[in-house]
Amino acid sequence: MQYILRAPECLDATIQLPASKSVCNRTLIIQALAGSHVLPDNLSDCDDTRVLVSALRDMPEVVDIGAAGTAMRFMTAYLSATAGEHVITGTDRMKQRPIGLLVDALRHLGADISYVERTGFPPLRIKGQPLTGGRLEIPGNISSQYISALLMIAPALRNGIELRLTGDIISRPYIDLTLWAMTEFGAEAEWSDIDTIRVAPKPYEPRPYRVENDWSAASYWYEMMALCPNVESRVVLPGLTDGSRQGDSVTRYIASLLGIKTTFVKDSAAPQVVLTKHRCTLPQLEYDFVSSPDLAQTFVVTCALLGIPFHFKGLSSLKIKETDRIEALKRELRKLGYVLRDLNNSELVWDGSRCEASMEPVDTYQDHRMAMAFAPAAFRFPDLRINDPQVVSKSYPHFWQDLAAAGFTVSHS
C-alpha cells in the first residue's frame, strides 16, 4: 500500500493522542506481577500494547510478540520469574535483534532460558521459576528496555536486585520512568548511587491507574507545526502534563528552539497542551539524543526541511531498532535532496549539502517512526508518497485519520 499526502495551508486542530505506549507496557507488567487482572484506564490500542495484553491474558505456550521490541524484552523477564514453560518469538526482524545481554543477566539471577535457534537472539525457551536475585552488573549503554525488564521483576525476586550500570548510561529518563511506575505500585526502588539501583523484595500493590497520553506521538505534531508555513497555526493536544515522567516530553524544549511555543492549560476535565508558532532564527542545532533516541527521526527530518544544519549525537541505539534508523534516514532524505553523513555509528550530521531530489516514495522499513517522521514533509513536498503506511499501528494506529482531521489529504495509490 502507498499513501499520497498533501498538507493543509494552515493547522488548526485538536488531536486526541494515543496513550503512552511506554507507560502502558510498564503498568501492564507491574499489574500482572501484582496479581491484578484489571487493565489500566486509557490503555493504548497500538500493536505493541495489544500483543502484551494478549500474552499476559492468555499465556500461550508460544508467545508471538510480532515486531514489539518492548514486549520481547519485558515478557522475557516476566516469563522467567513466572511459573510455566513458554517459547517467545516474533517477526524475522525481531529474530535479528540481539537479546543475549538480557538473557545472560536473567540467567545470573537464576533464570532457565535456552535459545531455540541462534545464540544471542530470539526465539527463546523459558522455564519460569522463583528467582534468587541479588547483585548484578550490566552495561549502561545498551537498550534501556533490558534494564527496565530486570528492574520490574525485582520486587518478586527473593533478594530483590542491586543493579550496577557500567560505562555510559543511555536513555536514563526511560529507566527513571520505570522506577517511577514501580513506586506508583508500592515498590521500594531507587538510585542508591550515580550508577546503582536498589530494588527491595517487596511485592507490588495492585491499584487503579490511568495512563497519560504519549509525548512521543506529540513530537510529530510539533514537527508539523515547525514545517507549516502559516504563523497562525495552532494545535491542541489534550492529556499531556507539564510534570510528565516520559523522557520524550523533552520534545517541547527542543521544539522551542525551532519556534514552537508550548502552553500548558489546566482544564477541569483534563490537562492539555496548546502549540503556537513563532519565527525560527536558529542558525544550526547541536543536540545529544542519548536520553531520547526515539525523537531523533522527528528532528532530523524537521531540521533538514527547515534548512537548519545539525549535528546530532547519542544515536548508537538507532542501529538496533525496528530498522537501522541511521542508514534509513540517510537513504530516505537523499530521495528528498538532502545529503546526510554519519559518524562513529552514533552521530548524524547535515551541513546543508543538497543533491537532486528523486522524489521516489519514502520507504518505511517496517518502522512506525519512519512513516510518522516523514509524513510532515508533505508541507515542503506536495503529493509526497509513503510506502507501507500501515506500520504506524505499532504505536499510533489512528495517525493517518488524525492527519485527515487536521486538513491533510491522504489518498491511496
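Visitor: Which residue stands opposite W191 in β10?
Guide: In this predicted model, β9 is paired with strand β10, residues 196-199. The two run in the antiparallel sense, and four bridges connect them. Across from W191, the position in β10 is taken by I197.

Visitor: Which strands form the edges of the open sheet with the order β7-β8-β10-β9?
Guide: This open sheet has four strands and mixed pairing, in the order β7-β8-β10-β9. An edge strand here pairs on one side only, and that applies to residues 134-139 and 189-193. The edge strands are accordingly β7 and β9.

Visitor: By what angle are neighbouring strands of this sheet turned against each other on average?
Guide: The sheet in question is the open one with the order β7-β8-β10-β9. With direction ignored, the average turn between neighbouring strands is 25°.

Visitor: In the open sheet ordered β14-β15-β17-β16, which strands have one side left without a neighbour?
Guide: This sheet also has its own order of four strands, β14-β15-β17-β16, with mixed pairing. The strands at residues 285-288 and 341-343 each have a single partner strand, so one side of each lacks a neighbour in the sheet. These strands are β14 and β16.

Visitor: What does the twist average from one strand to the next in that sheet?
Guide: The sheet is open and its pairing is mixed, with the order β14-β15-β17-β16. From one strand to the next, the twist averages 15°.

Visitor: Which residue of β15 stands opposite L285?
Guide: β14 pairs with strand β15, residues 310-313. Their pairing is in the parallel sense and extends over four bridges. The residue of β15 opposite L285 is F310.

Visitor: Which residue of β18 is the bridge partner of L5?
Guide: Strand β1, residues 2-6, is joined to strand β18, residues 384-387. Four bridges connect these two strands, which run antiparallel. In β18, the bridge partner of L5 is L384.

Visitor: Which residue of β19 stands opposite R6?
Guide: β1 is also joined to strand β19, which covers residues 409-412. Four bridges link the two, and they run antiparallel. Opposite R6, in β19, stands T409.

Visitor: What is the volume of the largest cavity?
Guide: With a cut-off of 30 Å³ or more, the count comes to one cavity. The lining of the largest cavity comprises 27 residues, and those nearest its centre are K21, T70, Q145, D294 and K321. Its volume is about 360 Å³.

Visitor: Which helix gives the most residues to the lining of the largest cavity?
Guide: Helices α1 (21-33), α3 (69-80), α5 (144-153) and α11 (368-374) each supply at least two residues of this lining. The one that gives the most supplies four residues. That helix is α1.

Visitor: How many residues of the lining of the largest cavity are charged?
Guide: The lining has 27 residues. Of these, four are nonpolar and eleven are polar. The number of charged residues is twelve.

Visitor: How are α5 and α6 oriented to each other, roughly parallel or roughly antiparallel?
Guide: The axes of α5 and helix α6, residues 172-184, come within 9 Å. They cross at roughly 20°, and α5 passes α6 in a right-handed crossing. Angles under 35 degrees count as roughly parallel. The two helices are therefore roughly parallel.

Visitor: How are α1 and α5 oriented to each other, roughly parallel or roughly antiparallel?
Guide: The axes of α1 and α5 are 10 Å apart, and the helices pack at an angle of about 25°. The crossing in which α1 passes α5 is right-handed. At such an angle, the relation of α1 to α5 is therefore roughly parallel.

Visitor: What is the omega of the peptide bond between P122 and P123?
Guide: P123 is placed in the loop between β5 (112-115) and β6 (124-128). The bond joining P122 and P123 is cis. Its omega is about 5°.

Visitor: Near what value is the phi of N42?
Guide: N42 belongs to the loop between α1 and α2 (47-58). Its phi is positive, in a residue other than glycine. The value is near 55°.

Technical notes
Residues are numbered from 1 along each chain as its sequence is written. This is a predicted model: local features need pLDDT of at least 70, side-chain atom pairs count only at pLDDT 80 or more; totals for chains, interfaces and linings use all residues. Side-chain values use heavy atoms; hydrogens and water are left out. Two strands pair if DSSP finds at least two bridges between them. Axes are lines fitted to C-alpha atoms, for helices over the stretch in contact, and angles run from 0 to 180 degrees between N-to-C directions. On a 1 Å grid over the protein atoms alone, a cavity is a set of points where a 1.4 Å probe fits but cannot get out, and a pocket is an open set with protein on both sides within 12 Å along at least five of seven lines; lining residues have an atom within 4 Å of a point. Grid points are joined across faces, edges and corners, and a volume is the space filled by probe spheres set on the points. Ala, Val, Leu, Ile, Met, Phe, Trp, Tyr, Cys and Pro count as nonpolar, Asp, Glu, Lys and Arg as charged, and the others, Gly among them, as polar. Angles under 35 degrees count as roughly parallel, over 145 as roughly antiparallel, 65 to 115 as roughly perpendicular and the rest as oblique. A crossing is left-handed if the near helix is turned anticlockwise from the far one by less than a right angle, and right-handed if clockwise.
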